[in-house]
Amino acid sequence: YVITDTLSEGLTYDATKADVKVTLDGKVFTDYTLTPNGQTLTFTFDHSKLVGGKEIVITYNTTLNDKAV
């Protein structure tokens, strides 16, 4: 299972400051891989670890850069 998020040019992702949190039905979930590639963040989950009908929430911090409007 893959979720991607493409950041606008005005945002910068910094892994050391991102404070990434993933929850599955409100409980902390750590069984995923995050792959940043430029402005795209890809979260990959093992489908067998996910149970149908569960809510996944992903939060992380970014910073505004000089391209922010």
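## Strands, a core and a hairpin

Me: Let's start with one residue in this predicted model. Is Val 57 buried, exposed or partly exposed?
Reply: Val 57 has a relative accessibility of 32%. Buried would need under 20% and exposed over 50%. Its value falls in between, so Val 57 counts as partly exposed.

Me: Where along the chain is Val 57 found, and which residues does it touch?
Reply: Val 57 is found in strand 7. Leaving out residues up to four places away in sequence, the residues that Val 57 touches are Lys 21, Val 22 and Thr 23.

Me: How many Å separate the C-alpha atoms of Val 57 and Leu 24?
Reply: Along the chain, these two residues are 33 residues apart. In space, the C-alpha atoms of Val 57 and Leu 24 are separated by 6.6 Å.

Me: In what order do the three strands of the open sheet stand?
Reply: The pairing in this sheet is antiparallel. Strand 4 (27-28) and strand 7 (56-59) are at the edges with a single partner strand each, so one side of each has no neighbour in the sheet. That open sheet has the order 4-3-7.

Me: Which residue of strand 4 stands opposite Leu 24?
Reply: Strand 3 (residues 21-24) pairs with strand 4 in the antiparallel sense, over two bridges. In strand 4, the residue opposite Leu 24 is Lys 27.

Me: What about the chain overall: how many helices and how many strands does it have?
Reply: Read along the sequence, the pattern is β-β-β-β-β-β-β-β. The count for the protein chain is zero helices and eight strands.

Me: Why does strand 1 lie largely in the open?
Reply: Strand 1 covers residues 2-6 and does have a partner, since five bridges join it to strand 6 (residues 40-45) in an antiparallel run. One of these bridges links Val 2 with Thr 44. Strand 1 still lies largely in the open because, of its five residues, the number buried is zero.

Me: Which strand pairs with strand 6 over six bridges, and which residue in their turn has a positive phi?
Reply: The strand is strand 5 (residues 32-37), and the pairing is antiparallel. Asn 37 has Thr 40 of strand 6 as its bridge partner. The two strands form a hairpin with two residues between them, and the turn residue with a positive phi, about 65°, is Gly 38.

Me: Which strand gives the largest share of the largest nonpolar core?
Reply: In soluble globular proteins, nonpolar side chains tend to be buried together. Here the largest nonpolar core has 11 residues, among them Leu 24, Leu 41, Phe 43 and Phe 45. Strand 3 and strand 6 each supply at least two residues of this core. The largest share, three residues, comes from strand 6.

Me: Which residues does Leu 41 contact, leaving aside neighbours within four places in sequence?
Reply: Leu 41 belongs to that largest nonpolar core. Its contacts include Ile 3, Thr 4, Asp 5, Leu 34, Thr 35 and Pro 36. Among its contacts that are also members of the core are Leu 7, Tyr 13 and Tyr 60.

Me: What percentage of the residues in the protein chain is buried?
Reply: The protein chain exposes about 4900 Å², and carbon and sulfur atoms supply 50% of that area. Of the 69 residues in the chain, the buried ones make up 17%.

Me: How far apart are the centres of the positive and negative side chains?
Reply: The chain carries 6 positive and 9 negative side chains. The centres of these two sets lie apart by 6 Å.

Note on methods
Residues are numbered from 1 along each chain as its sequence is written. This is a predicted model: local features need pLDDT of at least 70, side-chain atom pairs count only at pLDDT 80 or more; totals for chains, interfaces and linings use all residues. Side-chain values use heavy atoms; hydrogens and water are left out. Buried means under 20% relative accessible area, exposed over 50%, partly exposed in between (1.4 Å probe, protein chains only). Helices (H or I, at least four residues) and strands (E, at least two) are DSSP runs, numbered from the N terminus. Two strands pair if DSSP finds at least two bridges between them. Accessible areas come from the Shrake-Rupley method with a 1.4 Å probe; for residues, only the protein chains shown count as cover. Lys and Arg count as positive and Asp and Glu as negative; His and the chain ends are not counted. The place of a charge is taken as NZ of Lys, CZ of Arg, CG of Asp or CD of Glu. A nonpolar core is a set of buried Ala, Val, Leu, Ile, Met, Phe, Trp, Tyr and Cys residues joined through side-chain atoms within 4.5 Å. Contact means heavy atoms within 4.5 Å.
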